[in-house]
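Let's take a walk through a protein model together, one stop at a time. Keep the structure open beside you and turn it as you read.

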Amino acid sequence: MTAIKHALQRDIFTPNDERLLSIVNVCKAGKKKRNCFLCATVTTERPVQVNVVKVKKSDKGDFYKRQTAWALRDLAVVDAKDAVKESPEFDLHFDKVYKWVASSTVEKNTFISCIWKLNQRYLRKKIDFINVSSQLLEESVPSGENQSVAGGDEEAVDEYQELNAREEQDIEIMMEGCEYAIANAEAFAEKLSRELQVLDGANIQSIMASEKQVNILMKLLDEALKEVDQIELKLSSYEEMLQSVKEQMDQISESNHLIHLSNTNNVKLLSEIEFLVNHMDLAKGHIKALQEGDLTSSRGIEACTNAADALLQCMNVALRPGHDMLHAVKQQQQRFSDLREQFARRLASHLNSVFVQQGHDQSSTLAQHSAELTLPNHHPFHRDLLRYAKLMEWLKNTDYGKYEGLTKNYMDYLSRLYEREIKDFFEVAKIKMTGTTREGKKFATLPRKESAVKQETESLHGSSGKLTGSTSSLNKLSVQSSGNRRSQSSSLLDMGNMSASDLDVADRTKFDKIFEQVLSELEPLCLAEQDFISKFFKLQQHQSTSGTTTNEMEEMDGVALSRSYTSGVPQTVSSEKDMIRQMMTKIFRCIEPELNNLIALGDKIDSFNSLYMLVKMSHHVWTAQNVDPASFLSTTLGNVLVTVKRNFDKCISNQMKQMDEVKISKKSKVGILPFVAEFEEFAALAESIFKNAERRGDLDKAYIKLIRAVFDSVEKVANESQKTPRDVVMMENFHHIFATLSRLKISCLEAEKKEAKQKYTDHLQSYVIYSLGQPLEKLNHFFEGVEARVAQGIREEEVSYQLAFNKQELRKVIKEYPGKEVKKGLDNLYKKVDKHLCEEENLLQVVWHSMQDEFIRQYKHFEGLIARCYPGSGITMEFTIQDILDYCSSIAQSH
């Protein structure tokens with residue numbers, strides 16, 4: 001075992017600056033015996049670290065390798081299994097329990113004893129040794145002995161100190177003086193012993209010589225001790241004297257502490273009283289203003305506003321802990337609450353009276369607007385009410401129930417007032433549109449349910465007449481006015497069946513101006529009311545991103561104001577924006593139906609009015625959305641715009657439907673079809689209306705639908721025409737369409753314009769060829785036979801040798817067509833074409849010129865055949881090209 005220990009020290013621990021103190025040969029309990037060594041080591045450097053190292057023999061050779069190391073400070077328990085019986089088994093408790101079996105009990109005991117000594121010497125944390133014999137555990141290391149641990153190696157490690165340079169130099173000098181020291185160590189040691197004895201003797205003599213000084217020193221020490229005793233006696237007397245002084249000073253200190261504590265409490269009490277007095281005391285002037293202040297004058301309103309703000313500050317003061325338990329504070333709070341309730345009732349009652357009075361004042365001014373298309377101005381009323389805006393904010397923050405009641409009452413009064421004003425306004429607009437009168441009755445005194453325009457509007461809703469762009473009728477509009485519901489006298493305004501010429505540009509311009517004036521009057525009215533509501537009721541109205549529309553809002557009946565608040569005050573800005581929209585919806589609930597009725601009337605008068613309404617309504621919606629996309633005005637006009645767009649689409653659909661229903665006369669020529677002329681009228685009107693309009697895309701889509709329907713209907717009529725040739729119907733109408741599109745320069749119809757031109761050209765050519773036919777019929781048959789022979793392979797110059805096509809036969813055919821006969825045939829052709837074509841399109845000369853060119857082409861073709869097939873024969877036609885030109889010109893001029 002000693003040899004193994006030395007080998008481990010040399011190979012493993014010395015390179016790591018460690019000293020091996022104890023070793024035990026072990027194997028793991030319960031497994032195959034694979035022996036290893038547990039080594040207890042310490043480091044040679046300070047601070048000393050103690051480790052338990054597991055060393056195992058390598059499988060590839062006879063050398064040993066370090067496998068695992070545990071710090072001794074991590075060892076918690078050493079279990080020897082049995083303190084009485086000898087057993088080689090023992091456990092070491094590190095991070096987990098390691099069970100070992102030693103090769104012998106002696107080695108186990110030696111290793112455990114070494115671990116115990118290392119623990120006693122180096123570790124503050126004591127390891128638990130259980131089931132270990134007390135003989136192995138020594139209580140302490142005997143003093144004065146140079147005892148070693150585990151063979152003395154540990155003590156050697158502790159006492160070993162490396163020689164410094166001075167010591168090394170002294171040893172070298174000494175060894176140089178004793179040259180024989182290396183050769184004879186015993187002689188060298190003997191010399192050193194003698195020199196040591198000499199030194200010890202010198203030391204003893206020196207000590208004996210200093211005995212006298214020691215005695216003197218001892219005597220001085222005795223005297224000093226006596227002086228110390230005297231000083232201690234004096235100090236004791238001084239301490240007794242100061243004890244009474246200390247007791248008196250303690251009493252004075254305690255008295256001063258109590259005085260300071262009393263002063264501190266008084267200061268704090270004064271601070272609390274000053275806080276309550278300064279923050280919870282309402283001036284008598286404010287109290288008087290709240291109880292008796294004048295709410296009709298500007299000065300009184302200002303005084304009440306200041307008093308209400310002061311009251312709110314007193315009520316909202318942040319009390320310190322314990323204040324709410326004071327009886328005076330409770331009384332003051334109750335007084336403030338009573339003042340608030342009293343003033344809130346007085347303010348709500350006064351504002352309700354103002355609302356009612358405003359309704360009466362505005363109603364008295366309605367008569368003066370009876371004949372004017374204007375809405376009454378509410379600015380003076382708004383200006384008067386805005387003086388109470390701060391008081392409304394105070395009421396909103398202090399008593400939300402009364403604030404909500406005022407809001408409801410305001411909506412009730414104003415909705416009825418605005419309903420009267422707006423309905424009267426729209427009745428004037430309808431009268432101006434239809435041109436009816438009041439039969440001498442004043443506008444403001446007419447019963448609303450029996451007014452003329454009301455009856456007219458109801459008749460419009462019940463009518464099922466067809467709306468067209470070219471024909472618009474108001475059949476016998478009943479205008480009834482009466483001062484009594486039981487007695488009714490009616491005057492019938494028979495407007496008859498008006499043609500498109502009757503509804504001229506002036507009428508439509510008049511409608512456009514009236515409709516624009518209606519929207520221009522409504523827009524500032526709604527914006528002014530919404531701005532007033534926001535300022536008066538202290539609600540947010542701008543920068544809303546909500547997508548809520550008017551149709552999605554709940555009706556505010558009773559107390560249905562949607563709100564989300566704590567302690568009666570709304571907390572979200574979105575709820576306030578919703579409240580503005582809901583209030584506006586309740587106040588102006590009649591605007592949307594009245595606008596829809598007006599739109600229905602305009603559409604009934606002339607369906608082309610939907611174009612004007614679409615442009616105007618789109619512009620106002622665009623303007624309103626730029627101001628506030630989620631405002632009541634924007635959403636209401638947006639909803640009405642949907643109705644206008646439907647009427648516009650219905651107008652387009654009716655135009656297309658009329659095209660399908662067109663019936664042509666079988667006895668007269670077709671000419672320009674009605675729907676083609678109507679499309680021209682529609683396009684010209686639409687271009688003038690939609691110039692620089694926001695909804696140009698809607699018109700472009702309508703153009704595409706209409707033009708395709710026009711094309712299809714022209715084809716249909718042309719196929720069904722019996723009196724007029726199909727090519728003539730197609731040619732004339734597509735020429736008219738092309739001319740219309742070229743004049744109006746509609747960018748979205750460029751492809752249709754090219755298509756119309758192509759159809760016109762194709763059918764012109766087809767009609768010319770068909771109508772001209774073969775004016776020189778026999779000559780045509782003759783040359784057809786010539787061309788047939790050439791096609792069969794006969795050379796052109798040999799055709800004259802054919803019996804049926806010789807020169808004599810050719811001369812016979814040519815003699816049958818002298819110039820006189822040709823002119824007569826052309827004259828008959830001109831008359832035929834004249835019967836086919838209509839006068840309004842004026843295409844006769846164009847067709848006649850095309851026929852002239854076609855006839856000349858045939859003539860040149862015949863001359864070419866004569867020159868090639870009958871060369872040198874001298875055969876020519878009885879008339880020349882110049883004769884043809886003269887004949888055509890003479891015929892055209894004569895007609």
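Before we set off, one term: the helices here are DSSP runs of type H or I with at least four residues, and they are numbered from the N terminus. Keep in mind, too, that this is a predicted model.

With that settled, find helix H4, which covers residues 165-177 and is home to Glu 172. Is Glu 172 alone there, or who keeps it company? Glu 172 gathers with Glu 167, Glu 168, Asp 170 and Glu 176 in a surface patch of negative charge. How open is Glu 172 itself? Its relative accessibility is 48%, and since exposed means over 50% and buried means under 20%, Glu 172 counts as partly exposed.

Stay with H4 for a moment, because there's a second patch to look at, and H4 gives it three residues, the largest share. This one is nonpolar: Ile 171, Met 174, Met 175 and Leu 192 make up about 290 Å² of surface. Pick out Met 175, which is also found in helix H4. With a relative accessibility of 39%, Met 175 is another residue that counts as partly exposed. So helix H4 holds Glu 172 from the negative patch as well as Met 175 from the nonpolar one.

Now swing over to the strands. Start at S3, residues 50-57, where seven of the eight residues are buried, so the rest of the structure largely encloses this strand. Which strands does S3 pair with? One partner is strand S2 (residues 36-43), and the two pair in the antiparallel sense over six bridges. If you'd like to see one of these pairings up close, look at Val 42, whose bridge partner in S3 is Val 50. S2 and S3 also form a hairpin, with six residues between them.

Another partner of S3 is strand S4, residues 64-71; seven bridges join these two, and they run antiparallel as well. Here you can look for Val 55, which stands opposite Arg 66 in S4.

Our last stop is helix H12, spanning residues 400-434, where you'll find Asn 409. Is Asn 409 buried or partly exposed? Its relative accessible area is 22%, so Asn 409 is partly exposed. Finally, look from Asn 409 across to Val 356: they are 53 residues apart along the chain, and their C-alpha atoms are separated by 9.1 Å.

Definitions and conventions. Residues are numbered from 1 along each chain as its sequence is written. This is a predicted model: local features need pLDDT of at least 70, side-chain atom pairs count only at pLDDT 80 or more; totals for chains, interfaces and linings use all residues. Side-chain values use heavy atoms; hydrogens and water are left out. Patches are made of residues with over 30% relative accessible area and no salt bridge: like charges are joined within 9 Å, nonpolar side chains (Val, Leu, Ile, Met, Phe, Trp, Tyr) within 5 Å. Accessible areas come from the Shrake-Rupley method with a 1.4 Å probe; for residues, only the protein chains shown count as cover. A salt bridge is a side-chain nitrogen of Lys or Arg within 4 Å of a carboxyl oxygen of Asp or Glu. Lys and Arg count as positive and Asp and Glu as negative; His and the chain ends are not counted. The place of a charge is taken as NZ of Lys, CZ of Arg, CG of Asp or CD of Glu. Buried means under 20% relative accessible area, exposed over 50%, partly exposed in between (1.4 Å probe, protein chains only). Two strands pair if DSSP finds at least two bridges between them.
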